[in-house]
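Student: I'd like to learn how to read a pocket in a model. Can we go through it together?

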Amino acid sequence: METLGTHIHERYQQTLESIAAAARASGRDPDSVRLVVVTKAQPIEVVQAAVQAGARTLGENYPEESVSKILAIEPEIGVEWHMIGHVQSRKARLVIEHFDLLQSLDSLKLAERLNRMALEAGRVLPVMLEFNVGEEESKYGWPAAQEKDWPALYPVIEMILGLQNLQLRGLMTMPPLETDPEDARVYFRTLRLLRDHLADRYTQTDWRELSMGTSADYEVAVQEGATLVRIGTAIVGPRPDR
Ligand SMILES: *Cc1c(COP(=O)(O)O)cnc(C)c1O
């Protein structure tokens, strides 16, 4: 009988291989892409199985639900926890207290609040800026689908760059869900071009990370330059109803 553990282990390995193959095929070093296993809405058994399989970067969306999972994994194992979902102001403290990195920073107000709390806690929080590159009203992130929108982002980016207890690492996006992964390519390319644009303009900042691609389209994202891919269902299976 195949257990949850062996199933997740196999799919974790297969996914690592597909990521490496996609990287090599596009002339990239496979080590330049990191797999973030998304365990949102999954029980602790699934988190443990993913860690057992070798996962060392885990992504969660709902701060409250993640805390018990984070606390259940021994710190000695060295799991890096990434918050990848929208963070409401009143949940900011949970991010400061429990997460290693916030991928989904999507407002100046949240940035200022996190900066204040990080200062109080005596830590620096690594963050990535979330952009909406698909012109969907319902999505979080600063609108950046059109190159002509980019200059309007400078003032807020400059304010965030001035926050001493946040450390910028790069950009993140969650594009519209397409039935054909090939249709997601344009969004991933837009995020990469925006990153290159910001890196040219703000040369003192580290813009290295590009977090893009999920179970449905991570190979295309890797071809377009992703350094972090966020994969849930393809590794840990469908999410249980919340
Ligand atoms: C759920 C989620 C993922 C993972 O999606 P899968 O389809 O399960 O791979 C990635 N990124 C974000 C922001 C998510 O909310």
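Tutor: Sure, classes come first: Ala, Val, Leu, Ile, Met, Phe, Trp, Tyr, Cys and Pro count as nonpolar, Asp, Glu, Lys and Arg as charged, and the others, Gly among them, as polar. This is a predicted model, where local features need pLDDT of at least 70 and side-chain atom pairs count only at pLDDT 80 or more, while totals for chains, interfaces and linings use all residues. Residues are numbered from 1 along each chain as its sequence is written, and side-chain values use heavy atoms, leaving out hydrogens and water.

Student: How many residues of each class are in the lining of the largest pocket?

Tutor: Rolling a probe the size of a water molecule over the atoms shows where empty space is left. A pocket is an open set of points on a 1 Å grid over the protein atoms alone, where a 1.4 Å probe fits, with protein on both sides within 12 Å along at least five of seven lines; lining residues have an atom within 4 Å of a point. Here the lining has 9 nonpolar, 9 polar and 6 charged residues.

Student: Which residues lie nearest its centre?

Tutor: Lys-40, Asn-61, Ile-84, Gly-85 and Met-174, out of 24 lining residues.

Student: And what does Phe-131 touch?

Tutor: Contact means heavy atoms within 4.5 Å. Not counting residues up to four places away in sequence, Phe-131 touches Trp-142, Leu-153, Ile-157 and Met-174, among others.

Student: How do β1 and β2 pair?

Tutor: Strands are DSSP runs of E, at least two residues, numbered from the N terminus, and two pair if DSSP finds at least two bridges between them. Strand β1 (residues 34–38) runs parallel to β2, over 2 bridges, and Val-37 stands opposite Leu-58 in β2.

Student: Is β2 buried or exposed?

Tutor: Buried means under 20% relative accessible area, exposed over 50%, partly exposed in between (1.4 Å probe, protein chains only). In β2 (residues 57–60), Thr-57 and Gly-59 point one way, Leu-58 and Glu-60 the other, and all are buried.

Technical notes: Helices (H or I, at least four residues) and strands (E, at least two) are DSSP runs, numbered from the N terminus.
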